[in-house]
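Q: I have a structure open and would like to learn how to read its strands and its core. Could you walk me through it?

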Amino acid sequence: MKTYTATPAEIEKKWILIDAEGVVLGRLASIVAMRLRGKHKATFTPHMDMGDNVIVINADKVQMTGKKRWDKKYYWHTGYPGGIKHRTAEQILDGEHPERVVMQAVKRMLPGNRLSRKQMTNLRVYAGAEHPHEAQQPEVLDVKSLNAKNTRSA
């Protein structure tokens, strides 16, 4: 028996729409990362971009468990000596680009290689409820109904 390996001609990409309102961040990110890689497909091939195109809306209404909203810090370095800076998750979610919290969570759940950087281009995250991808006719994936632990009230 031989191991199945997909060819580029056999890859079928769908468009998936996920509403992040009230969904726990880590659970949302793991589902999105799995969809981006294509691990939910029976024809999964590790070295190919098998995943779907994922649209996440309402990223500013994502929830976190415990005190993560106030205690979780996102660090970056300016490049200058002593130039380490940080912001809390609440500062980012209340700021100008709340979709970056979801983007960073998904990025950190993918392997750190060239293929995952290519797969991240298939992710589109929007802070509000509108998105410009109606022409692709995305299928709605209800993350809330997959597991009771996926949601959290504010």
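A: Happily! Keep in mind that this is a predicted model. Let's begin with a strand pair: β1 and strand β2 (residues 53-57) run parallel and are joined over 5 bridges. Within that pair, Leu17 sits opposite Ile55 in β2.

Q: How does the chain get from β1 to β2, and what is the handedness of this crossover?
A: The path leads from β1 through helix α1 (residues 25-37) to β2, a β-α-β crossover that is right-handed.

Q: Which strand is joined to β1 by 3 bridges?
A: That is strand β6 (residues 139-141), and the two run parallel. Here Ile16 stands opposite Glu139 in β6.

Q: What should I keep in mind about side chains along a strand?
A: In a regular strand they alternate between the two faces of the sheet. As for burial in this model, 4 of the 5 residues of strand β1 (residues 15-19) are buried, so β1 is largely enclosed by the rest of the structure.

Q: Is His133 buried or exposed?
A: Buried means under 20% relative accessible area. His133 has 11%, so it counts as buried. His133 lies in the loop between β5 (123-125) and β6. Leaving aside neighbours within four places in sequence, its contacts are Trp15, Ile55, Arg124, Tyr126 and Pro138.

Q: Which residues touch the most other members of the largest nonpolar core?
A: Of its 30 residues, they are Leu28, Val32, Val56, Val106 and Leu123. The largest share of this core, 7 residues, comes from α1. Not counting residues up to four places away in sequence, Val106 touches Ala29, Val32, Ala33, Leu36, Met120 and Leu123.

Note on methods: Residues numbered from 1 in each chain as written. Predicted model: local features only at pLDDT ≥ 70, side-chain atom pairs only at ≥ 80, totals over all residues. Heavy atoms only, no water. Buried < 20%, exposed > 50% of the residue type's maximum accessible area, 1.4 Å probe, protein only. Pairing = 2+ DSSP bridges. Right-handed = clockwise from strand over helix to strand, strands pointing away. Contact = heavy atoms within 4.5 Å. Core = buried A, V, L, I, M, F, W, Y, C linked by side-chain atoms within 4.5 Å.
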